[in-house]
Amino acid sequence: MKIVLRNLKLVHPLQNFDDEMKDILIVDGVIEKIGSLTKQETDNAKELDFTGKVAAPGFFDMHVHLREPGREDEETVVTGCDASAAGGFTGIACMPNTEPAIDSAEVIELIKKKAKGHLVDVYPIAAATVNRKGEVISPMAELHEAGAVGFSDDGAPIKTASIVKRALEYSKMYNLPIIEHCEEETLAGGAMNESINSTLLGLTPIPSVAEDLIVMRDIMLAEYTGGKVHIAHISTKNAVELVRQAKHKGLNVTAEVTPHHFTLTDDSLKTYDTNYKMNPPLRTRADVDAILEGLKDGTIDCIASDHAPHSIEEKEAEFEYAPNGIIGLETQIGIAMTELYHKKILPFQIIVEKFAVNPRKILNLMVPLFQKGEKANLTILDPDEIWTVDISKFRSKSINSPFDKRLLTGKSVAVVNNKKMFYKNEMLEI
Amino acid sequence: MPLSSRHLLGLQGVPKEDIQLILDTATTFREVLERPVKKVPTLQGKTIVNLFYENSTRTRISFELAQKRLSADTVNFSISTSSVSKGETFKDTIRNIEAMKVDMVVVRHAAAGTPLYLTKLCDANIINAGDGIHEHPTQALLDIYSIHEKLGRLAGLKVCIVGDVAHSRVALSNIFGLKTMGAEVSVCGPSTMIPRQIEELGVKVYYNIDEAIQANDVLNVLRIQLERKAREYFPSLREYSNYFGITEERLEKNGKDILILHPGPINRGVEISSGVADGNRQIILQQVTNGVAVRMAVLYLLGTMN
């Protein structure tokens with residue numbers, strides 16, 4: 001099967017392309033040629049015109065909760081993959097806080113089986129400790145062999161420093177990162193960030209120092225062990241500074257941020273809308289500014305959604321009783337383009353780097369290239385399309401998003417991977 | 001002039017005119033309470049649900065009495081008799097109650113923000129009878145009413161809220177209401193019980209109770225809520241009592257005529273000594289009486305709006 005994608009501008013942080021529009025010929029899911037094509041080459045090919053659009057290596061979200069196994073009412077591997085494709089992603093890493101947790105090769109096999117044949121590649125992150133309890137490290141060698149790309153007890157931090165140390169030492173054998181949810185548990189447990197707003201709203205506070213302490217603990221343990229630490233969903237000013245210092249020292253420390261943490265502040269909670277309840281909580285303007293600075297200077301390596309589906313029944317509750325988390329797969333490119341690209345915080349190429357290149361590097365995955373013989377794995381964006389978020393159109397099984405009805409500029413218009421293309425709301429075999 | 005909102009969710013943002021109207025109306029009802037027949041037909045035919053998700057004796061009784069004296073039909077729904085334990089969601093419970101055609105809901109709930117959430121789920125007038133550690137507007141209104149009744153003014157008065165300010169819904173409502181009425185508000189308590197950045201609300205902070213007594217006209221002494229894990233925030237009851245407890249000796253030492261309020265129920269010998277609690281500076285029982293009048297005023301003003 002042949003397909004020609006016409007008139008694309010190519011942006012790839014690891015390759016150099018000029019601004020000229022190019023055609024891409026894909027045969028049986030593999031890039032055959034890039035540039036101008038002869039009539040003969042395009043014989044019998046399906047043709048799609050993308051004038052004004054940009055092709056980038058397929059975007060990758062390294063922090064997704066697929067909820068399967070355990071909470072298939074909220075999301076499944078397949079609906080999560082559908083949401084990823086619709087949102088502009090060709091690859092995702094899924095978090096292990098399922099029921100049962102991803103702490104055995106069997107659960108990894110189950111997820112891989114469910115994802116098989118989809119456009120979106122799914123890479124499981126396994127639990128760092130057995131059943132995420134923080135007592136004994138998980139069978140990392142076996143999990144690695146089964147396909148785990150990192151280890152995390154996400155949803156909670158790894159409980160004790162001694163287990164973090166052991167996990168870092170052990171995972172180092174396979175060069176896999178320990179992905180940490182940073183929250184000192186004796187300080188945490190509240191409903192929102194500690195600030196004047198928590199006082200005004202009467203909500204139990206989570207101090208920002210709860211995050212800073214675990215970031216500091218893990219950085220020091222990364223230094224001591226030589227292991228690889230990735231800070232998930234960074235949200236505080238001090239945490240950004242700690243990661244910056246760690247990088248200056250040359251430590252194996254990386255960090256991701258969610259779109260909501262670089263866009264919203266705890267001012268949003270004034271309506272007690274549970275779609276603003278997440279963990280880490282929304283912080284203050286000073287934290288958001290520090291995060292934007294961290295994105296600019298490279299302290300924060302990548303953007304990830306922390307896509308966390310929750311049922312309506314659970315989210316439609318008294319604020320303090322509602323679960324933490326929002327979905328983000330289908331909004332994050334729009335938010336990043338609106339808040340970072342159009343507001344001139346980051347150039348387009350750096351946004352591509354943070355979505356497509358860096359997450360794969362952290363997880364030791366190959367970055368798809370634009371060249372003959374490479375598997376076609378790409379995201380096509382319209383940087384200027386103005387659109388309105390509509391939760392009723394989400395492919396995700398859940399709708400817990402605070403961005404409903406938000407006007408955004410910039411959108412993924414198509415993704416290509418695994419001999420499939422998602423375009424105009426349709427999954428095409430190519 | 002009616003109130004500017006059809007709900008009373010808190011005192012944050014409530015205009016001075018509204019508070020003044022409630023206080024003035026309460027004065028009228030206060031007189032009713034002195035009559036031999038303490039009942040008026042004002043809310044006849046109105047149905048009010050008292051939705052208490054959290055234990056409360058005095059606030060519920062005060063509301064119930066106020067409702068009965070306004071001739072409203074009242075139903076009590078409390079957690080022990082509710083369907084909550086059967087797993088029904090809050091939303092479903094509210095939908096069911098609304099289907100029974102109620103006019104007003106008085107709600108007490110452990111989760112902050114629940115009264116606001118209620119306004120989105122049903123059409124009734126909502127009155128917050130305390131939500132978590134957020135607000136308790138009728139308590140603050142009765143405190144303000146009682147201060148005004150005793151001292152004849154609010155503007156320029158110096159009022160200090162003493163105790164566990166961080167875990168008190170009474171404190172926040174008092175701060176907003178008193179400041180709106182022109183009083184100068186301060187707080188005093190162990191630093192672990194004073195919320196971060198409270199100064200941003202225009203509130204002075206004292207960590208020394210003697211200084212607070214000297215600088216103020218009124219002390220509103222909060223109850224140490226022993227059931228709310230409050231005890232983890234200070235070393236011992238003894239230390240709290242020694243350093244922040246209001247005692248006669250302390251008041252004498254500072255040689256000052258000061259008005260003492262307490263929302264009750266009091267922990268004698270902890271935040272307040274028996275001598276002070278029964279002494280001639282306090283108006284604790286007048287607050288209780290005024291509470292009924294103030295709640296009558298709120299119910300009347302909201303219940304006759306639509």
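How many residue pairs are in polar contact across the interface of domain 1 of chain B and domain 2 of chain B? In this predicted model, the count across that interface is 17 residue pairs, with both partners at pLDDT 80 or more. On the side of domain 1 of chain B that touches domain 2 of chain B, the elements that give two or more residues are α1 (16-32), α2 (58-69), β3 (104-109), β4 (125-131) and α11 (284-303) of chain B. Of these elements, α1(B) gives the most to that side, with eight residues. Sorted by class, the same side of domain 1 of chain B holds 10 nonpolar, 11 polar and eight charged residues.

The two domains themselves are set out by the domain assignment of chain B, in which domain 1 comprises 16-136 + 288-303 and domain 2 comprises 137-286. Taken over C-alpha atoms, the centres of domain 1 of chain B and domain 2 of chain B are separated by 26 Å, and the contact draws 29 residues from domain 1 of chain B and 29 residues from domain 2 of chain B. Between them the domains bury about 2400 Å², with 61% of this area on carbon and sulfur atoms. Within domain 1 of chain B, the residues that lose the most area to domain 2 of chain B are Ile133(B), His136(B) and Asn290(B), which together account for 27% of what that side buries. Two salt bridges are counted between domain 1 of chain B and domain 2 of chain B. In chain B, a salt bridge joins Glu54(B) to Arg169(B), with the closest N and O atoms 3.0 Å apart.

Turning to the interface between the chains, 22 residues of chain B are in contact with 17 residues of chain A. The area buried between chain B and chain A is about 1600 Å², and carbon and sulfur atoms give 59% of it. Two salt bridges are found across the interface of chain B and chain A, and Glu316(A) forms a salt bridge with Lys91(B) in which the closest N and O atoms are 2.5 Å apart. Across the interface of chain B and chain A there are also eight residue pairs in polar contact, again with both residues at pLDDT 80 or more. On the side of chain B that touches chain A, α3 (90-99), α4 (114-121) and α6 (169-180) of chain B each supply at least two residues, and α4(B) gives the most, with four residues. By class, the side of chain B that touches chain A has 12 nonpolar, six polar and four charged residues.

Notes
Residues numbered from 1 in each chain as written. Chains lettered and ligands numbered in written order. Predicted model: local features only at pLDDT ≥ 70, side-chain atom pairs only at ≥ 80, totals over all residues. Heavy atoms only, no water. Domains from an automatic or database assignment. Contact = heavy atoms within 4.5 Å. Buried area = accessible area lost by both parts, 1.4 Å probe. Salt bridge = Lys/Arg side-chain N within 4 Å of Asp/Glu carboxyl O. Polar contact = N/O pair within 3.5 Å; in protein donor to acceptor, adjacent residues only side chain to side chain. Nonpolar A, V, L, I, M, F, W, Y, C, P; charged D, E, K, R; others polar.
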